[in-house]
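Here are my notes after a look through the model you sent. I've kept them as short points so you can follow along with the structure open.

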Amino acid sequence: IAATQLIPRSEVTIKRAEQVRSGRYEAMLAELGQMETEKLKDIYVSREREPNLSEPGEWMPKDQSHL
């Protein structure tokens, strides 16, 4: 209850939820769903990772095409 009713949501969270509801990621998810397991593993292993000690909102990946 606290997470959905009492704690205010950040603007980033609100924006991302609107993007998900609008279907923005449907094509990407469909493409991922058709990939072989090994290809998915390669994508995951080669991804750009957020630094462990970065401050919230401070870091963004170089490739933002999937955001």
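1. Let me start with V12, which has its place in helix α2. Bear in mind throughout that this is a predicted model. V12 comes out as exposed, because its relative accessible area is 59% and the cut-off for exposed is over 50%. If you want a feel for distances, try G33: it sits 21 residues away from V12 along the chain, and the two C-alpha atoms are separated by 26 Å.

2. Now the overall fold. The protein has 4 helices and 0 strands, and reading along the sequence gives you α-α-α-α. The radius of gyration is 15 Å, well over the 11 Å that the globule rule gives for 67 residues, so the protein is more spread out than a compact globule. Along the principal axes, the C-alpha atoms fill a box of roughly 40 × 30 × 20 Å.

3. How much of the protein is buried? Buried residues account for 6% of the 67 residues. The accessible surface adds up to about 6400 Å², and carbon and sulfur atoms own 56% of that.

4. There is a nonpolar patch on the surface that I'd like you to look at. L29, L32, L40 and I43 form it, and together they have about 310 Å² of accessible area. Two helices feed into this patch: α3 (26-34) and α4 (37-45) each supply at least two of its residues.

5. Take I43 as one member of that patch. You'll find I43 in helix α4. Is I43 buried, exposed or partly exposed? Its relative accessible area is 35%, which lies between the 20% and 50% cut-offs, so I43 counts as partly exposed.

6. Next, charges. How many salt bridges does the model have? The count comes to 1 salt bridge. The partners are K41 and E38, whose side chains meet at 3.5 Å, N to O. Both residues belong to helix α4, where they are 3 residues apart, about one turn of the helix.

7. The two partners fall into separate accessibility classes, if you check the numbers. K41 has a relative accessible area of 46% and is therefore partly exposed. E38 reaches 51%, so E38 goes down as exposed.

8. What about the rings? The count of aromatic pairs is 0. Do have a look at Y44, though: the charged end of R47 sits over the ring of Y44, at 3.8 Å from the ring centre.

9. Last one: R24, in the loop between α2 (11-21) and α3. R24 has 42% relative accessibility, so it counts as partly exposed. Which residue should you check it against? Try H66, which is 42 residues away from R24 along the chain, with 9.7 Å separating the two C-alpha atoms.

Notes
Residues are numbered from 1 along each chain as its sequence is written. This is a predicted model: local features need pLDDT of at least 70, side-chain atom pairs count only at pLDDT 80 or more; totals for chains, interfaces and linings use all residues. Side-chain values use heavy atoms; hydrogens and water are left out. Rings of Phe, Tyr and Trp (its six-membered ring) pair if their centres lie within 6.5 Å; planes under 30 degrees apart count as stacked, over 60 as edge-to-face and the rest as tilted. A charge sits over a ring if NZ of Lys or CZ of Arg is within 6 Å of the ring centre and within 35 degrees of the ring normal. Patches are made of residues with over 30% relative accessible area and no salt bridge: like charges are joined within 9 Å, nonpolar side chains (Val, Leu, Ile, Met, Phe, Trp, Tyr) within 5 Å. Accessible areas come from the Shrake-Rupley method with a 1.4 Å probe; for residues, only the protein chains shown count as cover. A salt bridge is a side-chain nitrogen of Lys or Arg within 4 Å of a carboxyl oxygen of Asp or Glu. Buried means under 20% relative accessible area, exposed over 50%, partly exposed in between (1.4 Å probe, protein chains only). The radius of gyration is taken over C-alpha atoms; the globule rule is 2.2 Å times the number of residues to the power 0.38.
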